[in-house]
Number of protein chains: 2
Amino acid sequence: MTNEEILRVTVLNSWKLAINRLGMTLSELSDEQLQQHVAPGKNRVFYLLGHLTAIHDRMFPLLGLGNRLHPELDETYIANPDRVVADRLSATELRRVWSEVNNRLIAAFERFTLEDWLHKHTAVSDEDFAKDPGRNRLAVVLSRSNHMSYHLGQIILAHSRH
Amino acid sequence: MTNEEILRVTVLNSWKLAINRLGMTLSELSDEQLQQHVAPGKNRVFYLLGHLTAIHDRMFPLLGLGNRLHPELDETYIANPDRVVADRLSATELRRVWSEVNNRLIAAFERFTLEDWLHKHTAVSDEDFAKDPGRNRLAVVLSRSNHMSYHLGQIILAHSRH
């Protein structure tokens with residue numbers, strides 16, 4: 001394998017590992033358990049799952065991969081804190097949307113060459129990118145991976161009470 | 001900048017961002033707050049900081065960067081759950097050791113070339129690495145970054161109660 005191939009595999013595996021860890025935890029939580037708060041007075045697991053789904057869905061335009069699949073999630077799970085706007089999806093629907101968004105992202109990441117990973121994301125101008133080429137798709141995905149792990153650490157607190 | 005340089009900057013920035021986020025949160029927590037549990041019956045922040053310090057310290061031999069600085073942390077913060085073995089460091093000492101370990105790791109990462117990042121880690125045999133070159137230093141550091149974010153998500157729950 002060339003260095004470029006090894007890099008692509010390493011980055012892709014790291015992303016899939018984080019997605020799969022969250023997926024495993026979700027599969028062990030009942031729909032009722034999704035309604036639990038991660039700690040007294042804190043977000044529900046359901047809210048965090050909606051939040052992660054919305055943030056990942058935003059990666060389609062941010063990475064130049066096309067339109068979002070579920071912009072309707074933002075009002076409840078990004079623009080507002082938990083329990084301000086009612087959930088409009090059932091647990092079954094939210095689980096399905098989470099998988100749909102992430103399966104499609106992974107399909108795109110699997111086709112990325114090294115050049116694709118180092119391409120600028122769409123929230124940075126050509127001028128700013130010329131000054132700081134670190135503002136690329138890889139940086140976005142590493143950041144989203146940490147963000148997902150951050151909330152998984154919280155979700156697991158609700159999970160392990162049982 | 002060459003693709004190799006951009007990659008190095010992107011990976012290094014991602015690591016530093018996660019380290020700095022945790023550092024910021026720690027700087028906002030008093031020594032007394034470090035003794036708080038992240039949720040009722042869960043780990044203390046102090047334990048999680050000891051745990052992260054020990055895991056990061058283990059990266060020196062794992063990445064082939066030399067001997068560990070603080071192997072004495074393992075018994076309390078890796079081998080046992082919280083509150084089984086007494087803390088042997090004060091909060092001031094633990095904060096200092098956390099910085100010491102991470103400053104030295106970052107100094108090493110700053111010197112890594114792309115070849116260095118894709119070099120095998122020391123817990124994999126030459127044979128296994130030949131079969132799966134994804135088991136490299138970059139994979140370890142991406143994994144540790146997610147691990148750190150996972151526990152930061154928990155630590156923040158204790159922080160935001162104030």
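How far apart should the ends of α8(A) be at 1.5 Å a residue, and how far apart are its end C-alpha atoms? In this predicted model, the 23 residues of α8(A) should span 33 Å, and the end C-alpha atoms of the helix sit 32 Å apart, so the two figures agree. The counterpart in chain B, helix α8(B), covers residues 137–159. Its 23 residues reach 32 Å from the first C-alpha to the last, again close to the expected 33 Å.

Both helices are well wrapped up. In α8(A), 19 of the 23 residues are buried, so the helix is largely enclosed by the rest of the structure. For α8(B), 19 of its 23 residues are buried too, and the helix is mostly covered. Buried here means that 20 or more other C-beta atoms lie within 10 Å of a residue's own.

Part of the packing around α8(B) comes from helix α2 of chain B, residues 45–57. The axes of α2(B) and α8(B) are 10 Å apart and make an angle of about 170°. Angles over 145 degrees count as roughly antiparallel, and α2(B) and α8(B) are therefore roughly antiparallel to each other. On the α2(B) side, the contact uses Val45(B), Leu48(B), Leu52(B), Ile55(B) and His56(B). These meet a set of residues in α8(B) that includes Arg144(B), His147(B), Met148(B) and His151(B), with Gln154(B), Ile155(B) and Ala158(B) further along the helix. Sorted by class, the contact of α2(B) with α8(B) has seven nonpolar, four polar and one charged residues. As for spacing along a helix, an α-helix has 3.6 residues a turn, so residues three or four places apart point the same way.

Then there is the matter of how the two chains sit together. Chain A can be laid on chain B with an RMSD of 0.0 Å, using a turn of 180° and a shift of 0.0 Å along the axis. The two copies are thus related as by a two-fold rotation axis. Of the residues of chain A, Tyr150(A) comes closest to that axis, with its C-alpha at 2.1 Å.

The chains touch through 30 residues of chain A and 29 residues of chain B. On the chain A side, α1 (3–28) and α8 (137–159) each supply at least two residues. Helix α8(A) gives the most, with 13 residues. By class, this side of chain A has 16 nonpolar, 13 polar and one charged residues. Of the interface residues of chain A, 97% are also interface residues in chain B, so the copies meet through the same surface.

Away from the helices, the loop between α4 (74–77) and α5 (91–111) of chain A holds Ala79(A). With 11 C-beta neighbours inside 10 Å, Ala79(A) counts as exposed, the cut-off for that label being 12 or fewer. The C-alpha atoms of Ala79(A) and His51(A) are 9.7 Å apart, although 28 residues separate the two along the chain.

Arg83(A) is found in the loop between α4 and α5 as well. Its backbone stands out a little: most residues other than glycine have a negative phi, yet phi of Arg83(A) is positive, near 70°. Arg83(A) is partly exposed, with 13 other C-beta atoms within 10 Å. In chain B, Arg83(B) lies in the loop between α4 (74–77) and α5 (91–111). Arg83(B) also has a positive phi, of about 70°, without being a glycine, and is partly exposed with 13 other C-beta atoms within 10 Å.

How values were computed:
Residues numbered from 1 in each chain as written. Chains lettered and ligands numbered in written order. Predicted model: local features only at pLDDT ≥ 70, side-chain atom pairs only at ≥ 80, totals over all residues. Least-squares fit on C-alpha atoms with pLDDT ≥ 70 in both. Contact = placed C-beta atoms within 7 Å. Helix = DSSP H or I, 4+ residues; strand = E, 2+ residues; numbered from the N terminus. Nonpolar A, V, L, I, M, F, W, Y, C, P; charged D, E, K, R; others polar. Expected span 1.5 Å × (residues − 1). Axes fitted to C-alpha atoms, helices over the stretch in contact; angles between N-to-C directions. Parallel < 35°, antiparallel > 145°, perpendicular 65-115°, else oblique.
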